[in-house]
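User: I am new to this structure. Please take a close look at one part of it, and then show me how that part sits beside the rest.

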Amino acid sequence: GPLAVAGILSADLGQVILFGALVSIPVTLVACLASLYAGKKYYYLPTSVEDTPENQNLPSAMMSFLPILVPIALMLLKTVGSMCKLTGTPALILNIVGTPAVALLIGLLIAAVGYHNIFPEDTKAWGFDGVIADAMKTAGQIVLIVGAGGAFSGVLKASPLRDILTASMSGVSIGILAPFLIGFLFRTCVGSIAMVTAATMITPLIDVLGFGSPMGRIIAMLACAAGGMMVFHGNDDFFWVTATTSDMDTSIAYKTLPIISVLQSM
């Protein structure tokens with residue numbers, strides 16, 4: 001979602017990650033405080049945790065975080081190199097390894113090496129029935145959801161709704177609230193594809209709302225993403241992934257996740 005939105009709004013991905021990380025600090029603190037309160041009120045222990053054997057092989061903390069942190073660091077380095085106007089071979093290398101697809105591929109390879117170090121006897125990991133295939137099935141579902149969101153966005157873009165939004169927003173001086181409200185509206189109505197759809201609808205409004213500069217596009221993207229965190233509920237795949245992977249009862253999920261998502265968004 002964020003990758004797609006950054007591309008749709010032509011926002012620099014490295015700067016999006018940098019400023020997004022800063023914005024995520026208070027969002028994470030709100031989530032921690034709210035989850036501590038909800039955890040005390042609706043305490044339970046997932047079955048998967050209860051059944052985990054104590055002697056199970058687990059990766060180290062460094063190996064667990066490297067597949068996530070390395071791609072982020074590479075994309076940030078590419079952005080820093082561009083901002084510092086780096087030239088020559090170092091700039092060429094950073095431009096290659098800092099490209100999102102390449103950076104994420106490097107993260108995948110690190111994760112594969114880490115898995116092999118823990119389970120060297122698993123010769124079927126890269127087969128059709130192995131863990132890599134299972135991970136690709138999960139990732140494939142996400143790609144399909146984003147693709148469906150892009151198709152739906154194209155339908156909305158071709159419909160009169162885009163012109164109606166442009167005309168209505170152009171006469172209202174609400175600034176950063178415009179992308180926030182559009183993100184909130186689509187998140188509540190259509191769920192997972194909200195961020196991509198909202199970004200598509202915001203694109204013709206960028207200049208009208210005063211977000212035409214590079215930093216303005218990043219602000220618009222972050223506002224759109226903040227609105228897109230509003231009200232996780234039954235039409236959202238993240239809602240069901242969170243509920244099912246943590247063995248959370250659906251009634252508890254409805255009592256906690258939508259409320260916490262609203263607090264994070266605001």
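Analyst: A ring at the edge of burial

Start with Phe119. Its relative accessibility is 25%, so Phe119 counts as partly exposed. The cut-off for buried is under 20% and that for exposed is over 50%, so a value of 25% falls in between. Bear in mind that this is a predicted model.

Which ring pairs with Phe119? The ring of Tyr115 does. The search covered the whole structure, and one aromatic pair came out. The two ring centres are 5.1 Å apart and the planes meet at 40 degrees, so the pair is tilted. A stacked pair needs planes under 30 degrees apart and an edge-to-face pair needs over 60, so 40 degrees fits neither. Tyr115 has a relative accessibility of 24%, so Tyr115 is partly exposed too.

Now turn to Asn57. Asn57 sits in the loop between helix H3 (47-50) and H4. Along the chain, 62 residues separate Asn57 from Phe119, yet their C-alpha atoms are 8.1 Å apart. What does Asn57 touch beyond its neighbours within four places in sequence? The contacts are Ile118 and Phe119. With a relative accessible area of 45%, Asn57 is partly exposed.

Ile118 leads back to helix H6. Ile118 is one of the buried residues of H6, along with Ala103, Gly107, Ile110, Ala112 and Gly114. Helix H4 (61-83) and helix H5 (88-97) are among the elements that cover these buried residues. H6 takes in residues 100-118, 19 residues in total. At 1.5 Å a residue H6 should span 27 Å, and its end C-alpha atoms are 27 Å apart, so the two values agree. The expected span uses one less than the number of residues, which is why the last residue adds no further step. In an α-helix there are 3.6 residues a turn, so residues three or four places apart point the same way.

How does this part fit the whole? The protein has 14 helices and zero strands. From the N terminus on, every element in the run is α. Of the 266 residues, 32% are buried. Take the contacts between residues at least 6 apart in sequence: 74% of them join residues at least 24 apart. The contact of Asn57 with Phe119 spans 62 residues.

Other parts of the chain show long reaches as well. Ser10 lies in the loop between helix H1 (2-8) and H2. Its C-alpha atom is 9.6 Å from that of Met221, with their places 211 residues apart along the chain. Ser10 has a relative accessibility of 54%, so it counts as exposed.

Helix H14 makes a second example to set beside H6. H14 has 16 residues, which should span 22 Å at 1.5 Å a residue, and its end C-alpha atoms are 22 Å apart, so H14 agrees with expectation. Its buried residues include Ile252, Leu257, Pro258 and Ile260.

Two residues of H14 deserve a closer look. Thr256 belongs to helix H14. Its relative accessible area is 8%, so Thr256 is buried. Beyond its neighbours within four places in sequence, Thr256 is in contact with Ala38, Tyr42 and Met248. The C-alpha atoms of Thr256 and Tyr37 are separated by 9.9 Å, though the two are 219 residues apart along the chain. Ser261 is also in helix H14. At 1% relative accessibility, Ser261 counts as buried. With the same neighbours left aside, Ser261 is in contact with Met229, Met230, Val231 and Phe232.

Ala38 and Met248 turn up again at a pocket. The second largest pocket has 13 lining residues, and Ser35, Ala38, Gly39, Tyr44 and Met248 lie nearest its centre. Helix H2 (13-41) and helix H14 (250-265) are the elements that give two or more residues to this lining. The volume of this pocket is about 220 Å³. What classes of residue line this second largest pocket? The lining has nine nonpolar residues, four polar ones and no charged ones.

Technical notes. Residues are numbered from 1 along each chain as its sequence is written. This is a predicted model: local features need pLDDT of at least 70, side-chain atom pairs count only at pLDDT 80 or more; totals for chains, interfaces and linings use all residues. Side-chain values use heavy atoms; hydrogens and water are left out. On a 1 Å grid over the protein atoms alone, a cavity is a set of points where a 1.4 Å probe fits but cannot get out, and a pocket is an open set with protein on both sides within 12 Å along at least five of seven lines; lining residues have an atom within 4 Å of a point. Grid points are joined across faces, edges and corners, and a volume is the space filled by probe spheres set on the points. Helices (H or I, at least four residues) and strands (E, at least two) are DSSP runs, numbered from the N terminus. Ala, Val, Leu, Ile, Met, Phe, Trp, Tyr, Cys and Pro count as nonpolar, Asp, Glu, Lys and Arg as charged, and the others, Gly among them, as polar. Rings of Phe, Tyr and Trp (its six-membered ring) pair if their centres lie within 6.5 Å; planes under 30 degrees apart count as stacked, over 60 as edge-to-face and the rest as tilted. Buried means under 20% relative accessible area, exposed over 50%, partly exposed in between (1.4 Å probe, protein chains only). Contact means heavy atoms within 4.5 Å.
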